[in-house]
Every structure is written in structure tokens, then in C-alpha cells.
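Colleague: I'm new to reading models like this one. Please take me through it slowly, one question at a time.

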Amino acid sequence: MSFSDSGSYSNGGDHKSFRQITRERLLYEMLMPEKNGTPRKVLVLDKFTLKIMSSAAKMSEISQQGVSLVELITRRRQPMTSFDAIFFIQPTESNVNAFLSDMTGKSPLYKKAFVFFSSPVSRSLVTLIRKDMRAMKRISALKEMNLEYISMDIQGFVTNNENALEDLYSDEENHQRADACLNVVAKRIATVLASLKEYPFVRYRGAKALDASTMTTYRELIPTKLAAGVWNCLARYKQTIEDFPQTETCELLILDRSIDQIAPLIHEWTYDAMCHDLLKMEGNKYTYEVPSNSGGDPEMREVILDEEDPIWVELRDIHIADASERLHEKMTNFVSKNKAAQLKHSSKDFGDISTKDLTKVVHALPQYSEQIDKLSLHVEIARTINRTIMEQGLRELGKLEQDLVFGDAGRKDVIKFLSTNNVINQESKLRLMMILAAIYPKKFEGEKGRKMMELAKLSGDDVVAVNNLRLLGPVHTESKRNTTGSFSLKFDVLKKKRAARKDRVGETQTWQLSRFYPIVEELVEKLNKGHLPKQDYPCMNEPKPTFNSASQSPSGSPVLPHSRRTPTWARRHLSDDGYFSDSFLGRTSSGFKKKGQRIFVFIVGGATRSELRVCHKLTEKLDREVILGSSSFLDPQTFLTKMKQINEEEEISLDDIDI
């Protein structure tokens, strides 16, 4: 038995993507497949590590590593004394006590125990384990995996702090809950870097004050505190993890939700964002009706929209109109080229076709069934989205939202829209009001604000959500120093109306409703070029001149000596005739090419689908893998709910406590 860290893993050989490394560490480093056959094993998890495993690997993949059963440590379990147990748990006192109880006494539950902790273990817990000599005799391994995050996307992860927005931005004077939240988030961010053996330059949005006499608020210090927490964790890793880099290998930019109030509210028009906005998905799970084979009531079916679905990967980041057109083309081409599809759509039956054609039909049937199901699913999703757009009048609303953001419309345009439009629902009105309030905060003070919200017929809870935007926004709109790249709203002096964005130079959009981009896109591009202002975004470890300034490539990007291999931003992995590539039916991380050093962006308080989209885009554009992390991913409905409840007293549940 040995107590060690995750030093047994090395990424020095094959270059893999962030998600692939996570998956392989769990399957091969932790589950330890045996060369001499596959012994029977039980995998014991807690509620959080169950989410970690589920996000990274399928049950079939876990079973292939010799795992016969997956159990929760909090549940009563039957003895399986001929089985070894692999414990993958958080290092909490309750988990350790449960584990020791399993392995002590006259009748331990398992033969031997291999214990893997998701993050660093405290000395007190190590002492507690070592004192129990009966359990020690049955422990074959104790390791810190340093893997305490959920991979939500090939370039995205969450730390599973669903209540971070409420914990960090409430008006509470006691900041104990906020400090505890930041400590957990920092520890989990650090485990991402430990898993990938990355040591970053840590940049963060600095706190701003109007002048020397203005006190900085706790909310303004959130990125600073989080950066310090991550830095402290990394300092420990440099001392304890074998082969952990001692010099910088990547960049980490730490932000908070105040960086961009508009991104969680505006109607984003890409396929991915529309699905999460209009279809009321649960994470990546979509539930829909299918006709019953028996002719009875429709059946409910669930499907996961992720990298396992090549159509989803191709369509997720494009405009819904482009997605609809492409799906129509694929369905048409598929029917014209697949023999089984041709037969289904023709008037012939099997008696009217030749033996040769019948053989082709038989060979095409399995492929036909799989492909037509996937194509039909996405055709139906696109149809549902387009129908909802029409029913809720979202095109006209979307144009007004974009015009507001880019300074082409103002308060009077919103008043006119609300006075003449009877189609949009209350949620859309609330989102419009909050976008307007984010751009024109003073217009929502006093009587003017009350009249605007009366015109929109907002409920009491809706008014609370609008007023709570002040908790996310900066205390001022302009800084005496240069605010280029800062989180405060930018205004074009040539326009009479305020603008929260400027049209991007050199980028043309096919669709008018594709103008919007989240602030993160601009910040990452500046970070890549070395143009992110140090006074607004300080660095915990000051970069050497050769990293960001002295060694610039012709494109403006830093010259980065260490290379990674990452998947390209997936767009066209599905052929025009609707056939799937066999290689793509596996993990998306199969096709690699060398990239520059990674860029990690972490947004505490929640990230949006649009921010994930630009990370896919920038990975291809900058030739660097851009990984987005957050405390959670927000859809607009979740964000609205949180803004309504941000200052409410919550009932404490044991399940909500992160230890």
C-alpha cells in the first residue's frame, strides 16, 4: 500500500484533448485493467464523483475495465467479499468514515480496497485512515487523483457549484458562504490543471475603484480571490505531484459573471443555444415524443446531444437557418443515395425489385435505420425550434435585442415595440427589460424605471430580477484610466445611443441576428496577442518578456514552444449524403493536429452556450485549444430564476453543502 498523488499519469507521449485525457485517467489510471485477465471489481462513488464518471465515460467502457457493479458509498450495500473495491470519493470525513466502516470488522464488504481521492486529502483524514490498522491491512492503494470536475463538452467543464451566483453576489454582509464557495471552486479548477499537467500564467479581472477614496466591494474582488486560491493550490502541486511543470505551460484567465451581463439574456441564434433556450433541455438530455408502434399513445424518448452525435457536432455552432437548410439537404441526399431509403419512399414492394437490388437493400437496412433515426431527430428539433420562433415572434424581438446591444436602438424603440407587439411572452419581455437595464442602468432608476416595467407588465418577481442586475454590474460606466478590454460597457461617441458592443472589424455575418458576440471572445483574442491590459487583468506570475511581447509571430500570436494535439473545431464530420464516418462514431478526439499552448478561461457564476461556442471557434482560429470552465452552465431560464432569488433566504439542505 502506498499513499501517492497522480504522478503516475504522464501526457508526455500521445497528445490528446482535454476531455480525452480526463476519460483515460479515469478508465486506465484509476480502474487499472489487468493484463492477466479481468478480475471482478466494484466501483464505489459518492454523488459528485458519480457525476464525474458519468460525464467522462459510458457504463460499457467502465464494464470493460472489469467493473461488475457501481455503488454509492452513502447507500447500504451487500457484502461482496470475493470482489475488490475501487473507491473514487471526495476527501470528506463522512466519506472516509464510510469507507473505513466498509473495510473493518469481522465481515468487511470487500476483499481489498483501492482508494482514489478526487482532490488533496487533509492530514487529519490521512491520520484517521492510518490509525485504523484493520482497514490498513485491506488497503492496496491510496492515491490523490486530483480530478474533481465534470467535463460537459470536449472543450468545457464545470466545478458543479450550482449556487455560486447566489453565494457570491448576494447583499449579505457576512461573506463566509462566499469564501467557502470560492475555496471549493479554486480547488476544483486546480485539479483540472493537475490532470492535464499544466502550470499556467494566472490572469484575472482586477478590481476597479472610481478613485482612491472609493472602497472596493467584495463582489469586485471575486476574480482576485479566486485567482489567489488557484495559485495556492498550484503551489502545492508543484511540490507534491511528480513531473508537474515547474515553469509556465499555458494561460488561465479568471473572470466572473459581471464581465458580461447580456450574454445570459440575449436570444442566441445558433442551433445549440436555441435547443437549450427553447426546448427546455436538462443539461444535454432532450426528451421528445415518438408515435407508438402499437398505435396507442405517443411514447416519450430521451436522447443525449453531445459529441457522440456527429450531426450535433456539425450543427451546434451554426445559425438555426443554416442548420435547417443543411438538414434538408442531408435528408434529400440520403434518400436519393440509400437503397433502403429509396425503397421506402417509392411505390415498389419487395416483389417488384431485382435480386441484386434486394441484396443492396438488405445491406443498407442497418445503416438506414441508424442514420434515418438521427437525421429525423434533428429535422424534428429544427422544425420545433422554427415553429417556436414564429409563434413567439422572436425574429422581430431578436433584431431589437441586437440593435440595442450595438447602439442602433434605444429606450424609445423598446417602448414602441412593447406598445405594438402582443405576441412575445413574459419571459421575453423580462429578458428585453434586463438587456435595456444593463445598457442604460440610469434609465431604470426611480419613476422612469417603474414606468418601463409597468409597460412591460412585469410581475413583482420580474422587477426584483431587473433590480438585482445592479449586483452584477460595475459601479461606474467609465474609468479614468484606459478601459480597453475591461468588463465595463463601451460607448461609441459617434452614436447618440449607447452600445455594449462594436461590430467586429473584418468579420461579416450572413445573418443579421448573428452580430452578437460575448465579451469573452474579445478578451481571449487580446490575451492570445499579448494585448490584454495588465492594469485591468493582472497576472499572479508576471510573464517573462519573451512570452507575450518579445516573441511574437507574424500573426500577432506568441510563439509557444510546447505543442499539443487537439481536435479541430468540428463542423463537417458528416458527409452531404447523410452517411456517418466510422471514425467519428468513436470519441470526437480521434482527429488531432498540433496546437499551441492551451488557454483556459474560467467564469465563476455561470457560463453560457455562446461563450462555449466562441471557445470552439477560437480554438480553430488561434490554433490553440481554448477550454472554458465555469461553476455551472446557464440557460436563460436558469439565469432569470437565479436573479429573482439571489437575495432570498434559502433552506439549507445537506445535499447542497460542499465540504
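Modeller: Let's begin with a word we'll need a lot: a residue is buried if its relative accessible area is under 20%, exposed if over 50%, and partly exposed in between, using a 1.4 Å probe and protein chains only. This is a predicted model, where local features need pLDDT of at least 70, side-chain atom pairs count only at pLDDT 80 or more, and totals for chains, interfaces and linings use all residues. Residues are numbered from 1 along each chain as its sequence is written, and side-chain values use heavy atoms, with hydrogens and water left out.

Colleague: Okay, what share of the residues in the protein is buried?

Modeller: The protein has 659 residues to sort with that cut-off. The buried ones make up 56%.

Colleague: And how many helices and strands are there?

Modeller: Both are DSSP runs numbered from the N terminus: helices are H or I with at least four residues, strands are E with at least two. Going by that, the tally is 23 helices and 15 strands.

Colleague: Let's zoom in. Is I603 buried or exposed?

Modeller: You'll find I603 in strand β14. It touches, among others, L255, V520 and L628, leaving out residues up to four places away in sequence (touching, or contact, means heavy atoms within 4.5 Å). Its relative accessibility is 0%, so I603 counts as buried.

Colleague: How far apart are the C-alpha atoms of I603 and S632?

Modeller: Along the chain, these two residues are 29 apart. In space, the C-alpha atoms of I603 and S632 are separated by 8.9 Å.

Colleague: What share of contacts joins residues at least 24 apart?

Modeller: Here we look at contacts between residues at least 6 apart in sequence. Of those, the share joining residues at least 24 apart is 80%.

Colleague: Now charges. How many salt bridges are there?

Modeller: Side chains of opposite charge can pair when their charged atoms come close. The rule here is a side-chain nitrogen of Lys or Arg within 4 Å of a carboxyl oxygen of Asp or Glu. By this rule, the number of salt bridges is 44.

Colleague: Which residue forms a salt bridge with E166?

Modeller: The closest N and O atoms of this pair are 3.1 Å apart, and the partner of E166 is K642. The two sit in distant parts of the chain, 476 residues apart, with E166 in helix α7 (residues 164-169) and its partner in helix α23 (residues 636-645). Both ends are buried: E166, and also K642.

Colleague: And which residue does K330 pair with?

Modeller: K330 makes a salt bridge with E314, with 3.7 Å between the closest N and O atoms. This pair joins helix α12 (residues 320-337), home of K330, to helix α11 (residues 310-315), 16 residues apart. K330 is at 2% relative accessibility, so it counts as buried. Also buried, with a relative accessible area of 2%, is its partner E314.

Colleague: Which residues are joined into one network by salt bridges that share partners?

Modeller: For comparison, take a single pair: R598 and E625 meet in a salt bridge at 2.8 Å, N to O. Where partners are shared, salt bridges build one network from R19, D153, E307, R316 and D317.

Colleague: How do α1 and α2 pack, and at what angle?

Modeller: Two packed helices are described by the angle between their axes and the distance between the axes. Axes are lines fitted to C-alpha atoms, for helices over the stretch in contact, and angles run from 0 to 180 degrees between N-to-C directions. Helix α1 (residues 18-30) and helix α2 (residues 47-56) have axes 9 Å apart, at an angle of about 115°.

Colleague: Which residues of α1 and α2 make the contact?

Modeller: On the α1 side there are R19, T22, R23, L26 and M30. On the α2 side, they are I52, M53, S55 and A56.

Colleague: Last one: is K280 buried or exposed?

Modeller: K280 lies in the loop between α10 (271-278) and β11 (285-290). Its phi is near 55°, a positive value in a residue other than glycine. Since its relative accessibility is 65%, K280 counts as exposed.
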